[in-house]
Amino acid sequence: MPSHLVIVESPTKAKTIKRFLGKDFDVEASMGHVRDLPEGSLGVDTEDFSAKYVIPKEKATVVKKLQKSLDSAADLWIATDEDREGEAIGWHLTEILKRKKKQPVKRIVFHEITKEAIDAAVAHPRTIDEKLVDAQQARRILDRLVGYTLSPFLWKKVYRGLSAGRVQSVAVRIIVDRERAIKAFKAEEYWTIKADLLNGAAQPFSAELKQKDHKKFVPVTDAQAQQVLADLKGASYSVETLEEKEVKKTPPPPFTTSTLQQEAGRKLGFSVKQTMIVSQQLYEGVDLGKGEGHVGLITYMRTDSVNLSDKALADARETIQKHFGREYILSAPRKYKTKSKGAQEAHEAIRPSEMSRVPASLKAELDHQQLKLYTLIWERAIASQMAEAQLKRVGADIQAGAYTFRATGQTIAFDGYLRVYMEGRDEPESQQAAEEEEGAGVLPPLKEGEALDCQSLLPEQHFTKPPPRFTEASLVKKLEEEGIGRPSTYAPTISTIQQRGYIKKEGRQLLPEDIAFTVTDLLTEHFPDIVDPAFTARMEQCLDDIAEADLKSVTFLKGFYKPFAKLIKSKTEEVQKGDVLKDRVIGIDPETGLEVLARTGRFGPYIQLGHIEVKKGEKLKNTPKPRSASIPKSIGKDAITLAQALSLLAFPRMLGEKDGKTIEVHLGRFGPYIRWGEVTSSLGTELDPAQVTKEEALAHIASAKERKTKAAEPLRTLGSDPVTGAEIQVKTGRYGPYVTDGKTNCSLPKRFTPEAVTLEEASDLLAKKRARGPGKRWGGWKKK
């Protein structure tokens with residue numbers, strides 16, 4: 001019987017660690033947090049700021065299993081992640097599991113799941129770090145105080161279902177401010193003029209106009225551009241100055257959490273959430289077969305550090321020499337310093353657990369997403385320890401009358417780290433410019449004073465561009481620069497603002513919905529600190545100070561909450577809903593003479609024909625509801641025209657009846673749909689909502705019902721889930737095959753097939769999904 005109980009967060013991590021610990025250790029998974037604040041109430045005493053934790057119902061079976069394992073063990077080893085969340089999970093476990101007298105608790109930490117790292121951790125256990133636990137609890141309580149007091153305010157003054165948060169509301173404001181800057185932007189015209197030239201040896205190259213009378217000059221109208229062409233008619237061209245210089249380029253440091261999220265977004269098109277899910281899989285372990293079993297492939301993926309261990313540096317040097325040659329290795333390891341605000345994680349940078357494990361060796365074992373991300377991590381880590389790239393840049397100023405043109409060229413004398421890796425840029429234009437710079441053309445041999453032959457002048461019109469919309473990658477960069485949030489918060493924050501309906505994603509761009517403007521304006525006017533990046537950054541610093549024992553959590557929480565609660569109370573009385581949700585009068589309906597209004601409701605902006613004024617204290621009786629229609633997302637409340645509004649108000653269309661139920665075509669927030677009694681079915685793009693007939697509508701409903709029935713039938717039944725006891729089935733849905741236990745669904749990764757996935761594999765997938773948790777919506781207050 002095992003004498004030691006080790007608890008980690010996930011079954012995959014448990015499986016990987018078990019291989020290294022041997023038969024004397026029983027390794028179990030807590031499935032994430034086992035205790036949290038209650039969902040239906042505040043759960044915080046606002047006098048002493050103590051938390052009232054509860055064990056969620058879905059975790060009761062897990063806790064019972066852990067307790068049973070502990071009862072037969074000699075001691076308890078906490079092996080949760082080495083950060084604040086991991087420390088808090090460990091602390092909660094020690095609080096709820098009943099230990100026998102003299103049954104010790106040992107805390108072990110490691111930043112990679114390898115035999116060497118696990119053996120070292122077991123040899124040097126420590127106790128639970130109370131400072132980290134205190135900081136995590138302060139963060140959790142602070143977020144609860146903000147969310148559970150400010151969100152109900154939004155329900156009363158805007159509509160139910162909205163939420164506000166300490167980090168999420170600032171993130172929304174940043175996106176809203178950028179969108180307003182884009183809308184306010186006025187493009188300005190400018191022109192470039194390119195000269196196609198030949199040197200004395202008749203070798204071609206090009207140069208661009210830069211100066212007039214040796215001062216910066218950019219034509220801003222067609223007339224100015226044409227004047228330049230007129231001035232240069234018959235002009236002589238010659239090389240005025242020539243300069244050559246050697247440039248050395250140093251590789252970027254290995255990845256931190258935020259830089260990995262940014263680069264995976266730029267280069268792989270991954271969302272921030274997707275990056276964290278896949279990196280977690282690589283960290284916790286992948287079955288490599290060939291006698292290796294489950295192996296952790298990268299170091300811990302939540303880190304601010306850019307450091308590499310001495311062993312990793314030595315292994316990188318050996319790998320570089322083996323695969324690229326001696327000329328690519330460094331005489332001494334390259335060391336980097338962390339620059340991010342508030343860096344507080346004491347880990348290494350994100351790197352492969354074995355530098356010698358090249359991506360090509362994992363093609364058969366990893367799915368395509370895992371392989372892409374592993375390759376990115378390996379290339380960045382290896383490149384950070386490769387020799388500098390050596391470039392030779394040449395610049396020539398070409399004089400023609402009063403005008404100066406500039407020609408540039410670049411050659412790569414030695415590619416160095418560029419042989420492996422080139423850092424991405426946030427915007428396509430800057431990425432293209434970077435690639436063009438690295439591979440810029442070669443200028444032909446030139447001499448100062450050399451006469452040149454101008455073959456042609458090409459004027460081209462341009463317009464200045466507005467600031468770019470944020471992508472998930474550039475938003476993470478902005479949040480980090482401002483000191484808002486920490487590595488573990490970027491992904492959930494970005495997911496939350498999309499789930500709450502504040503932000504939508506088009507391609508890679510993040511666009512604010514109408515409600516984001518409304519809520520941001522409301523919070524900016526009445527709760528400016530909550531949406532102030534500088535204030536939020538100061539709060540983050542306070543949380544870091546608590547982790548360092550430089551600040552008491554109760555002092556911090558009291559200093560924030562007392563004035564905040566007072567402000568909430570006064571603003572609840574002061575702010576009127578009608579002042580927040582102001583209607584926009586679009587025009588007059590020519591048929592009825594009634595006003596056509598654009599309004600905001602719980603389910604988004606909508607059009608209403610006419611409105612009913614009800615005096616306070618009076619009741620509305622026997623009055624027909626005004627005609628209304630949802631405004632499509634592609635138009636928006638502020639942009640919709642009268643013609644568009646009247647077109648929307650033509651719906652719903654009545655197509656007839658069947659079995660005593662009317663058949664109608666509606667235009668909803670997410671597009672046209674058919675309603676037949678209680679049955680609804682999206683029309684999609686298959687049928688024209690303005691032309692669809694009764695027969696087509698019924699056939700469409702029948703087809704949709706058949707597809708739904710077919711999708712509900714399981715492809716296979718695998719057996720009982722070892723954690724929940726529920727039956728696991730394999731089904732197919734709108735987005736492909738998935739496994740389910742009736743409560744939790746998880747899409748099948750491509751490395752699994754519906755026909756071959758096993759019960760163990762399916763239960764492992766579902767366990768990971770439960771550990772990540774759902775995208776939680778506001779639960780609401782419950783009466784006790």
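Here are some friendly notes on this predicted model, point by point.

1. Confidence first. The protein has a mean pLDDT of 88, and 93% of its residues reach 70 or more. The stretch to read with care is residues 775-784, where the pLDDT is below 50. Beyond near neighbours in sequence, that stretch still has 23 contacts in the model.

2. Overall layout. The protein has 784 residues, of which 48% are buried. Its secondary structure comes to 21 helices and 27 strands. The C-alpha trace spans about 90 × 85 × 60 Å along its principal axes. If we take contacts between residues at least 6 apart in sequence, 69% of them join residues at least 24 apart.

3. Cysteines. How many disulfides does the structure hold? The count is zero. Two cysteines are worth a look for their surroundings: cysteine 746 is buried, at 8% relative accessibility, while cysteine 454 is partly exposed, with a relative accessible area of 22%. The cut-off for buried is under 20%, so cysteine 454 falls outside that class.

4. Salt bridges in general. The model has 34 salt bridges. Some of them share partners, and in this way Arg139, Asp143, Arg166 and Glu540 are joined into one network. The next three points take up individual pairs.

5. Glutamate 244 and lysine 392. The side chains of this pair meet in a salt bridge, at 3.8 Å from N to O. Glutamate 244 sits in strand β8 (residues 237-249) and lysine 392 in strand β11 (residues 389-400), so the pair, 148 residues apart, links distant parts of the chain. As for accessibility, glutamate 244 is exposed at 53%, and lysine 392 is partly exposed at 38%.

6. Arginine 380 and glutamate 423. Here the closest N and O atoms of the salt bridge are 3.6 Å apart. Arginine 380 belongs to helix α11 (residues 368-383), whereas glutamate 423 lies in the loop between β12 (403-414) and α12 (428-438), so their pairing ties together parts that are 43 residues apart in sequence. Is arginine 380 buried or exposed? With a relative accessibility of 2%, arginine 380 counts as buried. Its partner, glutamate 423, is partly exposed at 36%.

7. Aspartate 397 and arginine 406. This salt bridge has its closest N and O atoms 3.0 Å apart. Arginine 406 is partly exposed, and its relative accessible area is 24%.

8. Glutamate 664, a buried charge. This residue is found in strand β21 (residues 661-668). Glutamate 664 is buried yet has no salt bridge. Which side chain of opposite charge is nearest to glutamate 664? That is arginine 675, at 4.9 Å. A salt bridge needs the nitrogen and oxygen within 4 Å, so this pair does not qualify. What the glutamate 664 side chain does make is a polar contact with the side chain of threonine 662, at 3.3 Å. Leaving out residues up to four places away in sequence, glutamate 664 touches Pro652, Arg653, Met654, Tyr673, Ile674 and Arg675.

9. Arginine 144, another buried charge. Arginine 144 is placed in helix α5 (residues 130-157). Like the glutamate of the previous point, arginine 144 is buried and has no salt bridge. Its nearest side chain of opposite charge is aspartate 36, which is 5.5 Å away. The arginine 144 side chain does reach the backbone oxygen of serine 41, at 2.9 Å. Not counting neighbours within four places in sequence, arginine 144 is in contact with Leu37, Pro38, Ser41, Leu42, Val44 and Thr149.

10. Lysine 558. To find this residue, look in helix α17 (residues 553-574). Lysine 558 is partly exposed, at 39% relative accessibility. Apart from residues up to four places away in sequence, lysine 558 touches Glu47, Phe49 and Pro563. For a sense of scale, measure by eye from lysine 558 to valine 723: they are 165 residues apart in sequence and 40 Å apart in space, C-alpha to C-alpha.

How values were computed
Residues numbered from 1 in each chain as written. Predicted model: local features only at pLDDT ≥ 70, side-chain atom pairs only at ≥ 80, totals over all residues. Heavy atoms only, no water. Disulfide = S-S within 2.5 Å. Buried < 20%, exposed > 50% of the residue type's maximum accessible area, 1.4 Å probe, protein only. Helix = DSSP H or I, 4+ residues; strand = E, 2+ residues; numbered from the N terminus. Lys, Arg positive; Asp, Glu negative; His and termini not counted. Polar contact = N/O pair within 3.5 Å; in protein donor to acceptor, adjacent residues only side chain to side chain. Contact = heavy atoms within 4.5 Å. pLDDT = per-residue confidence, 0-100.
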